[in-house]
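Trainee: Could we go through this model together? I would like to start with one local feature and move on from there.
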Amino acid sequence: MSISVNAAFDGGNIRVVGIEGDRIDLEIVKDRQSDFYQWFHFRVAGAAGRTLTFRILNAAGSAYPRGWPGYSTRASTDRETWRLAETRYEGGVLEWRWTFATPLAWFAYFAPYSMERHAALVAHTALAAGVAHRELGRSLDGQAIDYLRLGAGPKQVWLYGRQHPGEPMAEWWMEGALEWLTSAAAAPLLAAATVHVVPNMNPDGTRRGHLRTNAAGVNLNREWHAPSAERSPEVLCVRDAMDATGVDFAIDVHGDEAIPANFIAGYEGIPSWSEDHGAKFYAFGHRLAAHTPDFQTERGYEKASAGNANLSMSTNQLAERFGAVSVTLEMPFKDHDLNPDPDHGWSPERCKRLGVACLETLAGMIDEI
Ligand code: ZN
């Protein structure tokens with residue numbers, strides 16, 4: 001029986017360079033019309049009883065090569081549970097071995113969240129009591145930009161994620177957040193706030209197996225100052241909807257390749273920055289860290305200096321445009337090292353729990369926003 005490596009499915013990405021004996025040489029494919037790449041997801045068949053060595057030969061040229069040291073590939077035999085496969089990064093090559101006790105196995109950069117699962121999430125949530133669904137617009141490939149609204153309170157809360165499609169932890173977070181928002185526990189928050197949710201900003205990149213861009217190779221999180229129907233209709237329709245409601249608090253959900261921790265980034269450096277405005281952002285981070293061992297405030301990105309915020313990024317744009325308390329949330333591809341899971345690393349279940357923890361924290365301070 002010959003070994004088959006296949007990524008021709010929703011969210012798949014890999015190119016086979018060569019198969020020689022038990023060694024499978026691979027490359028990650030670039031996003032369409034872009035040089036970004038790092039997301040991979042593929043299936044292997046025909047290897048039962050064998051031990052194979054997988055090598056991603058172009059790992060060094062990926063978008064964030066500092067993401068590879070200390071990283072472990074995710075592997076699954078049932079597409080439900082994703083475990084860490086012992087992985088090493090040496091000489092610019094990412095390498096792992098796998099002994100096939102089963103006919104099939106899947107490998108991915110992180111537990112995938114497909115467009116098919118997105119469709120199920122939207123359908124399930126839209127059936128819950130008190131939920132309104134709307135298509136805000138369409139992507140360049142013609143897919144719907146799904147939007148869900150819950151609650152009727154005066155504060156306007158926006159949750160949006162997966163501008164970068166190769167960061168599926170964002171949509172696992174959304175799944176946890178939406179389960180909580182449709183439970184009885186959310187009643188106090190939904191009395192104080194109207195919660196607007198866009199669980200996937202970039203359906204084309206998701207289906208195409210991209211890391212960072214849409215079908216035209218555009219990084220959506222560099223479009224918020226001037227989105228256009230030609231380049232970034234995904235951002236344009238969401239920003240128009242935000243203009244209609246206003247924004248008091250927002251979370252933009254992402255994954256970070258290099259830093260082994262959950263962290264948030266804010267809007268230091270926007271033209272209208274004030275200590276009072278910033279204090280609400282920092283208060284959210286400190287309260288979240290006190291609420292869950294899966295969050296911390298020590299590690300994160302460098303802050304922009306005064307006046308140097310990049311207003312093409314959504315978090316800065318919303319803070320400046322609406323005076324919103326505006327949060328970029330980053331979850332790791334590695335693990336949250338302060339509270340590690342040696343079998344699964346940072347995992348879908350933990351993304352979902354962090355989604356709940358973020359909303360519980362928000363509920364406790366919504367009156368101060
Ligand atoms: Zn991102």
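**Rings, metal and charges**

Mentor: This is a predicted model. Phe281 is buried, with a relative accessibility of 4%.

Trainee: And Tyr282, buried or partly exposed?

Mentor: Tyr282 counts as partly exposed, because its relative accessibility is 28%.

Trainee: How many aromatic pairs does the structure hold?

Mentor: There are 26 aromatic pairs in the structure. In one of them, the ring centres of Tyr113 and Trp172 are 4.7 Å apart and the planes meet at 80°, so this pair is edge-to-face. Tyr113 belongs to the loop between β10 (104–108) and α1 (115–126), whereas Trp172 sits in helix α2, 59 residues apart in the chain. Tyr113 is buried at 1% relative accessible area, and Trp172 is buried at 8%.

Trainee: Changing topic, which residues are the protein donors of the zinc ion?

Mentor: His164 and His254 each donate through ND1, and Glu167 appears twice through OE, at 2.1 to 2.5 Å from the zinc ion. His164 lies in the loop between β13 (155–161) and α2 (169–181), and His254 lies in strand β15 (residues 249–256), 90 residues apart.

Trainee: What is the geometry of the site?

Mentor: The site is irregular, with angles of 56 to 149° among the four donor atoms. A tetrahedral assignment would require all angles to lie between 85 and 135 degrees.

Trainee: Are the histidines buried or exposed?

Mentor: His164 is buried at 3% relative accessibility, and His254 is buried at 2%.

Trainee: Last, which ring does Arg134 lie over?

Mentor: Arg134 lies over the face of Tyr147, 5.2 Å from the ring centre.

Key
Residues are numbered from 1 along each chain as its sequence is written. This is a predicted model: local features need pLDDT of at least 70, side-chain atom pairs count only at pLDDT 80 or more; totals for chains, interfaces and linings use all residues. Side-chain values use heavy atoms; hydrogens and water are left out. Donors are N, O and S atoms within 2.8 Å of the metal (3.2 Å for Na, K and Ca); water is not among the atoms, so sites may look incomplete. Four donors count as tetrahedral if all angles lie between 85 and 135 degrees; four count as square planar and six as octahedral if opposite donors are over 155 degrees apart and all others between 65 and 115; anything else is irregular. Helices (H or I, at least four residues) and strands (E, at least two) are DSSP runs, numbered from the N terminus. Buried means under 20% relative accessible area, exposed over 50%, partly exposed in between (1.4 Å probe, protein chains only). Rings of Phe, Tyr and Trp (its six-membered ring) pair if their centres lie within 6.5 Å; planes under 30 degrees apart count as stacked, over 60 as edge-to-face and the rest as tilted. A charge sits over a ring if NZ of Lys or CZ of Arg is within 6 Å of the ring centre and within 35 degrees of the ring normal.
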